[in-house]
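Work through these short exercises with the model open. Try each task before reading its solution.

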Amino acid sequence: MNLFREAFAWLFAPEQQVGADAVLVRLGEHLLYTAIAVVISAVIAIPIGYWIGHTGRGKQVAVACSGAARALPSLGLLTILTLLVGVGDAVLAATVVFVVLGVPAVLAGAYAGVESVDPDVVDAARAMGMTEWQILLRVEAPIGLGLLLGGLRSATLQIVATAVLAAYVGLGGLGIYIIRGIAIRAYEQMLGGALVIVVLALVLDGVFALATWLITRARRTPVRPGDLGGPGPAETAAGTAQDQTSRSPAAATEGSS
Amino acid sequence: MIEFDRVAKRFPDGTEAVREITLTVPSRRTTVLVGSSGSGKTTLLRMVNRMVEPSSGQVRIDDEDVATLNPVTLRRRIGYVLQGGGLLPHRRVLDNIVTVLRLNGVRRRSAEERGLELMDTVGLDRALARRYPGQLSGGQQQRVGVARALAVDPNILLMDEPFGAVDPIVRTDLQNELLRLQSTLDKTVLFVTHDIEEAFILGDQVVILKPGGVIAQQGTPAEILADPADDFVATFIGAERGQRALRVEDHNGTQVVVDGRGRPAGVLAEGVPRQ
Ligand SMILES: Nc1ncnc2c1ncn2[C@@H]1O[C@H](COP(=O)(O)OP(=O)(O)OP(=O)(O)O)[C@@H](O)[C@H]1O
Ligand SMILES: [Mg+2]
């Protein structure tokens, strides 16, 4: 408990509120890396996932690639990539690592969402005279939005946790407190940094929970267990909901050791 | 006029759903396809809007081979009530009804006005317009399906067991509404049911299908009743059990009509001039 008190004292100390190393600045960097990676993951994975879901083709390949991507150790990948592109382009290396992490979850959410649409509903839409694009954009995408959000949610949480690694290649972010804390044995600093990451992860999770709740409510679709609490069926490919959400804050500290 | 010219459908898994059917569906009349489950009714119906491509043969609408038409434009000008409703669960009732109008580029305001009128036409309370399909009863959903099919004022109306999910009273109600509608709208209706009573009530022409997708008999209800083509038809229309052979019994001066098993079917009206 003493350590926690010291961590809070460190967090709220005036030195942590100003300058390039202020907590808010680091938080901003962390969020920025996360946001960029999530957006790029979405841009890559949503079209592919929708295509897989709509045509029913390529799912085996996607599952295999996702499995492989998930098996890559982020720290190892980051080290190799940074050496390859040079420290000057570390942002690129880090972004690639985070995107590799995010794509599988978003992909699974996107195709699970489209796949979850009752085939009779798709048939009806086609029989009304909708083109395949209209079916995808006006029927499959909106109905599958809940599952897509689930995929985005786990991608975000994983990336937020792993963005700690940015500090290893000199990019800052909240991971810097942990790395520096280890180096100079400043445990209150390590714990303070870890706490901010945990809170950030919880807040982001809450935002997604709220968004999911809002769309499920607006659509009055029957709420299935898992739809609100977590990513649900999207997770059959992306690991279980508990696994992902409870792992993310832990992974923040994991990455530091 | 819709013509089926020696159409057959064999699905990839080898199922012979329809075998060499030739049939003419006259304009501005109601033709009813009737047959037991799996006799190929839905398959035949869906050939008209190219939701099913025949394995062989041709379907023509007013002498135009549908295979040469763009499926999307074709479907947008044919009204189709799907078996089981087929409403879009994420759209409100009114949005469901105006789906095709909107696809055709009609402005939201005028589409919705038309949608509300259609709700009146099919006997749906306008208060239901903002609900989602999941919040309606089975019968109400089927009415939404009918309203949606009528939205673009199509010449051709395909109706696949549109009154399947409702109790007999609502069913009678909906049948009467369809008859009333048809007397003013004059559509070419191709109607599917497995209920022979419904077929006789609604059909100008009735086509009885046998399992395996062959026509057992076609004709007006009276023709079929008067002269069932074979045992299958006789069984199917209930003639065999004597239900269709009515005779008159005198009960204290009232002429009661009874069926073959002696069950009363009604009374003979007196003083009604013969038409
Ligand atoms: N897509 C398909 N692939 C394979 N077989 C099919 C397909 N669609 C229908 N069939 C088969 O074709 C036959 C005719 O089916 P269809 O749906 O036309 O029957 P139906 O007369 O409409 O029956 P019901 O009254 O039960 O709706 C059935 O044996 C059915 O199993
Ligand atoms: Mg059918």
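**Exercise 1.** Decide whether B:Gln83 is buried, partly exposed or exposed.

*Solution.* This is a predicted model. Step one: take the relative accessible area of B:Gln83, which is 43%. Step two: apply the cut-offs, under 20% for buried and over 50% for exposed. B:Gln83 is therefore partly exposed. Step three: treat B:Thr42 likewise. Its relative accessible area is 25%, so B:Thr42 is partly exposed too.

**Exercise 2.** Find the protein donors of the magnesium ion (ligand 2) and place them in the chain.

*Solution.* Start at the ion. Its protein donors are OG1 of B:Thr42 and OE1 of B:Gln83, at 1.9 to 2.3 Å. Now locate each one. B:Thr42 sits in helix α1 (residues 41–48) of chain B. B:Gln83 sits in the loop between β6 (78–81) and α3 (93–97) of chain B. The two are 41 residues apart, so the pair links distant parts of the chain.

**Exercise 3.** Which residues of the largest nonpolar core touch the most other members?

*Solution.* The core has 43 residues. Those touching the most other members are B:Met119, B:Met159, B:Phe163, B:Phe191, B:Ile196 and B:Ile208. Next, ask which helix gives the most. Helix α6 (residues 138–150) of chain B does, with five residues. Finally, look around B:Met159. Beyond its neighbours within four places in sequence, its contacts include B:Leu45, B:Val81, B:Val146 and B:Phe191.

**Exercise 4.** Is A:Ser41 buried or exposed?

*Solution.* Find A:Ser41 in helix α2 (residues 23–55) of chain A. Its relative accessible area is 0%, so A:Ser41 is buried. Leaving aside neighbours within four places in sequence, its contacts include A:Phe98, A:Gly102 and A:Ile159.

Notes: Residues numbered from 1 in each chain as written. Chains lettered and ligands numbered in written order. Predicted model: local features only at pLDDT ≥ 70, side-chain atom pairs only at ≥ 80, totals over all residues. Heavy atoms only, no water. Donors = N, O, S within 2.8 Å, 3.2 Å for Na, K, Ca; no water. Helix = DSSP H or I, 4+ residues; strand = E, 2+ residues; numbered from the N terminus. Buried < 20%, exposed > 50% of the residue type's maximum accessible area, 1.4 Å probe, protein only. Core = buried A, V, L, I, M, F, W, Y, C linked by side-chain atoms within 4.5 Å. Contact = heavy atoms within 4.5 Å.
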